[in-house]
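This report describes the arrangement of two chains, with attention to their sheets, domains, helix packing and mutual contact. The sequence and structure are shown first.

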2 protein chains.
Amino acid sequence: MKEDFKARLDEFKEYLKNIEYLQSASSVLYWDMRVGIPKKAISYRGEVLSYLSGEEYKLETSLKMKEFIDYFESCRDLDDITKAMVRNAKKNYERTMKIPEKRYKEYTIEQAASEAAWEDAKAKSDYSIFKPHLKKMIDFNKEFIGYWGYRNSKYDTLLDFYEPGITVEKLDKTFGELKGAIVSLLDRIQKSGVKPDCGMFHKKFTKGRQESFSKYVMAKMGFDFDEGRVDESVHPFTINFDNRDVRITTHYYENEFRSALFSCIHEGGHAIYEQDIPDSLKGTMLACGASMGLHESQSRFYENIIGRSRAFWTYFYPEVKRRFPEFKDVMLDEFYKGINAVSPSLVRTEADELTYSLHIIIRYEIEKKIFDDEVDVDELPSVWNKKYKEYMGIEPENDAEGILQDMHWSGGSFGYFPSYALGNLYGAQFLRKMEKDIPDLYKEIERGNLDIVHQWLKENIHKYGSVYKPAELLKKATGEELTAKYFIDYLNKKYSEIYNL
Amino acid sequence: MKEDFKARLDEFKEYLKNIEYLQSASSVLYWDMRVGIPKKAISYRGEVLSYLSGEEYKLETSLKMKEFIDYFESCRDLDDITKAMVRNAKKNYERTMKIPEKRYKEYTIEQAASEAAWEDAKAKSDYSIFKPHLKKMIDFNKEFIGYWGYRNSKYDTLLDFYEPGITVEKLDKTFGELKGAIVSLLDRIQKSGVKPDCGMFHKKFTKGRQESFSKYVMAKMGFDFDEGRVDESVHPFTINFDNRDVRITTHYYENEFRSALFSCIHEGGHAIYEQDIPDSLKGTMLACGASMGLHESQSRFYENIIGRSRAFWTYFYPEVKRRFPEFKDVMLDEFYKGINAVSPSLVRTEADELTYSLHIIIRYEIEKKIFDDEVDVDELPSVWNKKYKEYMGIEPENDAEGILQDMHWSGGSFGYFPSYALGNLYGAQFLRKMEKDIPDLYKEIERGNLDIVHQWLKENIHKYGSVYKPAELLKKATGEELTAKYFIDYLNKKYSEIYNL
């Protein structure tokens, strides 16, 4: 029996390895498409990618896969890794197999049409072009929830795909607290009369200098250039072909000092997570971050908590001055306040650290209404605009900078947005524990010892890949459940100091 | 019946398309591995590539493939394209299926060991390290020829894989004539006392300037940058992901003006061939050059016949002077003679236009001896060295610059080398016909009208992909059979003028 178990497990791993190979190949093809593909090659590349994902789909939903799942579910005392392998494989399997094949095909066709309509609608800033497609994507998802089933809230089922275990109940509580705290802090900031100067960031910073400094910072953070690359694309992203080949992209604006730098630190955070996952998890499909939210916790931790901290720039600012004489008359304090300037804006991807979560909470509240049948697609733009007015005091002048700004909904990705804000909460919880574990944390950072941060994250989070569910991992790393408390404390402390509140 | 035929043909094309998708994916992965992969990612990439080629192998040797072949072979009056599809598919199928699976597996394992041994042997310049592996690769190929069968000469079977239809009989005749002509011309050149100056090429030419000029020339030749790219790698190569995405690589040496430029023109010739193949050949596996020799005919045509011609530089030299002030005191005539300087050397890849074919003929003569059982692996270095002495008057001082210089044999690629020299013969035959069809050919080139050359090649060769066998295509394009005559005439005329013979 034990012999048989081992043989079956090896066979299962060999099988999963093939899926990983297909995913790796697709990732290389996708990366190349974003980074360097010639114009006329795009459509054929789409065909190749669609073939590969079809092959992956076949493996994930085969009879053989079903047999593996059934066999291992019947086994007792599985170790954590095998348990997670089976759990993941089953989730994937059921997510697809519970939907009638015909409907799934119709969905993927509608998905492509919807994405195209969204692009058109955004370019013309005309919600009416996108509306019928959005309605279809919502209806499909509601229908699918019927097949997948749900416990308390229909929306929970969608949340669970991106952040296993997260529920409306938990989010209502944490996001509710967070919203209150941010709205109140923002109000005090706006009444403070303090306005950090950001003019210093808008000189001419050549691409070459930006690139070299960003890479310098990434290397200090712990990004291993023997296991990854930095390239350019229109929108920054991180992708892993395997954990020894993790690539990020950025976009350089020569009239903006912060954009490429902080996108590299952000994507670098994602990348270091992937690079730290051990080779021993190959063939388990667990050699990746534990969830969207946990991934985002790492990127935002590096970008904001570390990368926008005074300690970090105490170390790096002399190097900035050396490389960029443009800052010769700028004091560290001014620089620090400049990179932390709070300014409510309409576009999520351009938001500052403080208001970012409000963008997410607005989307969360709207998605919840959609799946609770409390709002019609006709009303969405006005609901959207009202919330922006209410929480941030600003209102979109058109749909492009309002309801049409993100592409997520056009592809049917509902339940994805909350991960971004969860990342902030997780990050602050990790920080609290890290401060306890490393009493000299900020002194070490001031000395440029970012390795101490990296090793803590590696030991407590990264090395587990996605063996544990987010809540389990959070508990393992910090001993606590999800809470907004620490992130709120962090924000209050940081911004009170910057804005003399 | 006709309905059934059409349905089966569509089904066959769908099937072949899947093989093409896998090949395209593998090509992207391979390209990335040569152009930009991080150091620690290489071994996993190898696994992914091996998985994809395994999947391709399954499709190429499936029962379904056998059924397609049997069905279409039983059909009468097939059009040229379908006929070629079936011919190719069958050739692939039989090449693999005639070998016992066990032996094929052993071969691929030995192949990897042999390639590694060759690399080691070359680094240490020690043939004895490679010898036992070379012997195995030869023995495997001899055994396989037993399964594949042969008509007149065993070596014919190997030649046919790279250059369908070519035989020892044809090569003995044409290569024999060519060898005599080159050896005699070389002798007269060396006695002429003329020695073109090449010092002008060894100044400091920054990469940026070289890159920009090479791309300028490639665009003029007809390379479409919306269907391709130029990147950097250790050794230059051309690869197509599909005919709308054809990439070349080069290597810049800042102390050498000619190297990157002529490698771009050479690879550009390969690439233009691929870019010109029509989309209508997708799904037939015929959307590629007709043979190794024909491919090489295009690259060498552009590199030497066009790219080292006086007419070409009459047009481009003023641009060289504009971009590279280093040439301000160099006359066009000196430049032209410099890029055509003849100098026998030991290494094939560094050979000039005239002596290049001798390197190939030496390898051809040795391969023939090997498969006629006329030489033992022990004797190969001395046979090699003797031939270099006899044909070019120079002798390798060690194995690295002698018998170990090329990697082809280590992977079992016997019969491949002749294609390189066949390319020269084909090229001169095309030139002869082009001169007839375009009376003002050289005047047009002097005016920078390279499009006239490109369109001739496209109409007469490129657009057919590999629908026709090399000999058929040659006949279609020139009305003649393979001959060394025109290439010999071309060499005599060109080099007599340069060396005042």
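In chain A of this predicted model, three strands are arranged as an open sheet of mixed pairing, in the order β1-β3-β2. The edge positions are taken by β1 (228-232) and β2 (238-242) of chain A, each of which pairs on one side only. From one strand to the next, the twist averages 20°. Four bridges link β2(A) with strand β3 (residues 245-250) of chain A, and the two pair in the antiparallel sense. Within this part of the sheet, A:Ile239 has A:Arg247 in β3(A) as its bridge partner. As a general principle, strands of a sheet pair through backbone hydrogen bonds, in either a parallel or an antiparallel manner.

Chain B also holds an open sheet of three strands with mixed pairing, in the order β1-β3-β2. Here β1 and β2 of chain B each have a single partner strand, so one side of each lacks a neighbour in the sheet. The twist in the sheet of chain B averages 20° from one strand to the next. Strand β3 (residues 245-250) of chain B runs antiparallel to β2(B), with four bridges joining them. In this pairing, B:Asp245 in β3(B) is the bridge partner of B:Asp242. Helix α1(B) lies across β1, β2 and β3 of chain B and runs at about 140° to β2(B).

The domain assignment divides chain A into domain 1 (2-97) and domain 2 (199-341 + 438-469). Their C-alpha centres are 30 Å apart. Contact between the domains involves 18 residues of domain 1 of chain A and 16 residues of domain 2 of chain A. On the domain 1 side, the elements that give two or more residues are α1 (2-35) and α4 (80-97) of chain A. The largest share of that side, twelve residues, comes from α1(A).

The contact between the chains joins 27 residues of chain B to 27 residues of chain A. On the side of chain B, two or more residues are given by each of α1 (2-35), α2 (42-60), β1 (228-232) and β2 (238-242). Helix α1(B) supplies the largest share of this side, with seven residues.

Chain B can be laid on chain A with an RMSD of 0.1 Å by a turn of 180° and a shift of 0.1 Å along the axis. This is the relation of a two-fold axis. The C-alpha of chain B nearest the axis belongs to B:Ala25, at 3.4 Å from it. Both copies use the same surface, as 100% of the contact residues of chain B recur in chain A.

Within chain B, helix α11 (residues 292-306) packs against helix α16 (residues 418-437) at an angle of about 65°, with their axes 7 Å apart. The crossing of α11(B) and α16(B) is right-handed. Among the residues that meet here are B:Met292, B:Leu294 and B:Phe301 in α11(B), and B:Tyr420, B:Leu422 and B:Phe430 in α16(B).

The residue classes of these contacts are listed below.

| Contact | Nonpolar | Polar | Charged |
|---|---|---|---|
| Side of chain B that touches chain A | 13 residues | four residues | ten residues |
| Side of domain 1 of chain A that touches domain 2 of chain A | ten residues | three residues | five residues |
| α11(B) with α16(B) | nine residues | six residues | two residues |

Methods: Residues numbered from 1 in each chain as written. Chains lettered and ligands numbered in written order. Predicted model: local features only at pLDDT ≥ 70, side-chain atom pairs only at ≥ 80, totals over all residues. Least-squares fit on C-alpha atoms with pLDDT ≥ 70 in both. Contact = placed C-beta atoms within 7 Å. Axes fitted to C-alpha atoms, helices over the stretch in contact; angles between N-to-C directions. Left-handed = near helix turned anticlockwise from the far one by under 90°. Nonpolar A, V, L, I, M, F, W, Y, C, P; charged D, E, K, R; others polar. Pairing = 2+ DSSP bridges. Domains from an automatic or database assignment.
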